[in-house]
Amino acid sequence: MCHRFAIATVLVSLAFATVGFADFPKPTPPEKFDVELRYRIYAGRNERLRQYDKLLRFFEKIGFEKDPGSMAEPLDTRETRMRGTISSARARQLLYSPYVKTILLKPAGYELPQEGMVKVHIEITDGLPPNRQRLLSEQSAARLRALGFVEFVGYDHRGFTRLVGLFPASRLPLLLKDLRGQPTGWLLPDVLRRELPSPLKQISPLRVVEIVPEPEGVAAWRPPPEAPKPFEKGKEFYEKIGSDLLKLLDQKEAGQPTRLEVILRHVPDDQDISWLRTLNRAVPDLVIEGRLGPMLTVYVPPNAAPSLARLPIVSTVRLPIPARPQARFPQGTRDGNLEALKASGLMRLHMLGHRGAHVRVAVVDGDFRGWEVMQKQKRLPTTVHYVDLTAERNPDLRPDPFPGDPKQVGHGTEMAMAVAIAAPKAEMTLIRIDPRCPHQLEAVARYINGEDFKSASYFHRQQQLAEERQKLDERKEKLLFERKIVLDDFRQTAESKKRKDAYFQAQAAFDKDVQEFDGRMRRFLQLHEDFRKLRGIQIVTSPLVWNVGYPLGAASPLTRYFDDRPFRASLWFQSAGNTRGQTWSGLFRDEDGNGVMEFSPPRTQLPPQRWTSELNFLAWKPWNKPAVPELPEKLDLRLSLQWKEVHAPEFYQDDRDPYRTPLAMLRLVVLRQRDPSGRKVHADEMEVVAYSTGLPQRIDNRPGYAIYEMHVDFTAEPSGRYAVRIEGFVPQGIYPPDAPTMPAMQRSWELYPRLFVDVKSDAFRNLGRAVFEDFPTDIGALGTPADSRSVITVGAADAHGQAADYSAHGPPLNLSLLAKPDTLSQSGLQLGGQEQISSYGTSQAAAFAAGLTAASFGYGIDRAYFLRALNERKGKPLLVP
């Protein structure tokens, strides 16, 4: 029996020695180790002496220099420890002996601290089937945590045979004991040992414990940030409030009205207003500016968010998420316009006099600063109409001021100039919306579509004007009555004079109010007329893309509006987005069952210097330059994770709302690589920088499914290499955990999460993008409404006619058969002005494509012919048909 065990142990050790693990940078090991080992010789006195001599001869053969022990050690069966030194290259050969159970290694001459923690690399028994090897690793880690072990995250576990972390220096001798008896003593009684789980019950797990001192010049390992305290009992509804909004509740501005977004649990019917009464009872001062499906844009103080979140009909209360107008970046050339006109065939049309005359083109954006100046400089057509949807939500019916420096040219103005390069004679309409309000973009589409549509803000202004008119009429009647009294009073008394002065002051105030009211009424009627005139626009271009915050994969209410009608009033050119490489989307895989998702399929070749597919490293991609693996210091990033779950329809109307907590409780974790070079510490040592907490936001809820999204914000401080991983499990069925079910009732489903990274600060956004270095995907890279079937999604083309390295392309989320973008277009344009504005990006590509289409329409090409030509060149640069 002993010999069979010895042979098995040697075979397992040899297998361990020959397994090839991930090759990542590591520091040079010390020349020698001080060793303390635990051995066991299961034999009587004489036989022990023979086997003890055999053990010493083996140690001498591999170069182990044993420290002198007691004189009785060869015969004393109670002796189980040895100390000595050995070269680092041969240290693990000590385990080739079947008598050696565990070895404790520390660099020769290293003095252990009396208190505090030391870093240890622990190797456990291997050779088990994968699932049992994982169980043994998890059970061992649980026992070690009871002794004070703090496990690192994201390291190379080498097939669940390695543990890395910190351990109390004073308790290191315990690691030489049988871990199955820890933390309560040496070996547990047999009765208690039978209660141990398998395989820990049959195997003493610890084989090698290596002490790894922290070198000088490396920042100490930082523990993960503390998780926020859970909400008190009775305040669980605070989980519905977005993290950004929660921070505002403790600030002075919490009492100042601002725009919030309220997501309802259900999509209300058009004739149902019960939800409106419920919201008004909770917050009487609530002003609803617009609705898009279940999403409401409201104007209310942030401190009213708890009152809204308390309502059962509310799923989420958060700050609005703005659309990204696909920020421009300087890169144009002097002859960029000429090259674009020649490559697209527009030069020939312009020479024939076809420049888009009598074709109506609309540009939708949130910033049209300087458009009047550009028109005076003849950089825009002579016929330009300006419509501002932000005016209807303000009581004075004046538009919101433009953000930023008023002397700069706005992004929408640049798009209009790109249209004018292709179609300088087109009739242009500039439509301004708030990028934080997607319901305004839907309103624009409805107006263009000729629908008799009125937004919530429109009705609110209409009601407000009617009430003001009624109050003015009442004041007028009182003033007329007072006027009669005053004019009929010919007395010269002080009281009479005082009454006359009061009347004339009231009359002056009334006249001023009437004048202001007339001005608001004129602006209201003009706004109504502007909306009506949007009908008949033939071509629309928009750069606004929502990559996070709203359901993707043609599931958002905005995309559904375009696809379900379908939208055929005009050709809608939508920019694809400058987000290539910022997305990962795919099947949630957890082949080893450790609760961490793998970003690539099994047996996929890992990138160089990587040790696991459970980490997706980030990189910094400057505009038109190669990506660098280090993120710049002070870079603010947001990681967003969105997924769709299948639910049982019968629980849709349940008052308990059992699916407010998702079935798949996923967790985002951001890690920083301590030493990517591996010169001082192992390259696989990571430290947690940030992680998601609390419940995710439920952004859509339907009878058969729901869509959830969570965010993690972090700052790259210090600069370095950062990675992200997704933790969680895929549930076994579709029913709530507390619902009584039978196995035959359960339905299996697959989880396809989408991970997106974006820069938060405008300063860094103008310099470049954060991308995934290891496992980017093209699937799911498009936001809404670029994922619509009915819009023409436009990407940017490079000099070779291929999609530019920043231009998003690929099928939308969960729509793998839908090829996007529909076309490519030139974007390296000189937009002119007092200063030459040169830019690249899918915004300019979409605008130039819209102008090309306008010029083609002026040439006599109709919509049907153009769409056929577009389909023939699917995904290729757009040319004049």
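This report walks through a predicted model, covering a sheet, the nonpolar cores, the salt bridges and one serine.

## The eight-stranded sheet

Let's start with the sheet. It is open and built from eight strands, which run in the order 2-3-1-4-8-5-7-6 with mixed pairing. At the edges sit strand 2 (65–66) and strand 6 (150–151), each of which pairs on one side only. Strand 1 (residues 32–39) and strand 4 (residues 100–107) are antiparallel partners, held together over seven bridges. If you want to see the register, Arg38 stands opposite Thr102 in strand 4, and Asp34 stands opposite Lys106 in strand 4.

Two helices pack on this sheet. Helix 2 (residues 45–62) touches strand 1, strand 2, strand 3 (81–87) and strand 4, and its direction makes about 20 degrees with that of strand 3. Helix 3 (residues 130–146) touches strand 5 (117–124), strand 6, strand 7 (162–168) and strand 8 (206–211). For helix 3, the angle to the direction of strand 7 is about 5 degrees.

## A closer look at strand 4

Strand 4 also pairs with strand 8, this time in the parallel sense and over three bridges. Pick Leu104 and look across: its bridge partner in strand 8 is Val209. So strand 4 has an antiparallel partner in strand 1 and a parallel one in strand 8, with seven of its eight residues buried, so the strand is largely enclosed by the rest of the structure.

## Nonpolar cores

In soluble globular proteins, nonpolar side chains tend to be buried together. Here, the largest nonpolar core has 51 residues, and Leu346, Met428 and Phe573 are the ones that touch the most other members. Helix 17 (residues 842–858) supplies the largest share of this core, with ten residues.

What does Leu346 contact, once neighbours within four places in sequence are set aside? Its partners are Leu341, Ala422, Phe848, Leu852, Ala855 and Val880. Apart from the largest core lies another one, of 43 residues, including Trp584, Leu637, Val670 and Ala690.

## Salt bridges, exposed and buried

Searching the whole structure turns up 53 salt bridges. One of them joins Glu65 and Lys32, with the closest N and O atoms 3.7 Å apart. This pair links distant parts of the chain, since Glu65 belongs to strand 2 and Lys32 to strand 1, 33 residues apart. Both ends are partly exposed: Glu65 has a relative accessible area of 46%, and Lys32 has one of 34%.

Now try Asp388 and Arg432, whose closest N and O atoms are 3.1 Å apart in another salt bridge. Asp388 lies in strand 14 (residues 384–388) and Arg432 in strand 15 (residues 427–432), so this pair ties together parts that are 44 residues apart in sequence. Are these two charged residues buried or exposed? Asp388 is buried, at 6% relative accessible area, and Arg432 is buried too, at 4%.

Lys484 and Asp488 give another example, their side chains meeting in a salt bridge at 3.2 Å, N to O. Lys484 counts as exposed because its relative accessibility is 55%, over the 50% cut-off. Asp488 comes in at 48%, so it counts as partly exposed. Salt bridges can also be chained together here: Lys119, Glu214, Arg674 and Glu685 are linked in a network.

## Ser556 and its surroundings

Where does Ser556 sit? It is found in the loop between strand 16 (539–542) and helix 15 (557–564). Its relative accessible area is 1%, so Ser556 is buried even though it lies in a loop. The side chains of Ser556 and Thr559 are joined by a polar contact of 3.1 Å.

Not counting residues up to four places away in sequence, Ser556 touches Pro551 and Thr784. Asp774 is a different story: Ser556 and Asp774 are 218 residues apart in sequence, and their C-alpha atoms are 29 Å apart in space.

Methods: Residues numbered from 1 in each chain as written. Predicted model: local features only at pLDDT ≥ 70, side-chain atom pairs only at ≥ 80, totals over all residues. Heavy atoms only, no water. Helix = DSSP H or I, 4+ residues; strand = E, 2+ residues; numbered from the N terminus. Buried < 20%, exposed > 50% of the residue type's maximum accessible area, 1.4 Å probe, protein only. Contact = heavy atoms within 4.5 Å. Polar contact = N/O pair within 3.5 Å; in protein donor to acceptor, adjacent residues only side chain to side chain. Core = buried A, V, L, I, M, F, W, Y, C linked by side-chain atoms within 4.5 Å. Pairing = 2+ DSSP bridges. Axes fitted to C-alpha atoms, helices over the stretch in contact; angles between N-to-C directions. Salt bridge = Lys/Arg side-chain N within 4 Å of Asp/Glu carboxyl O.
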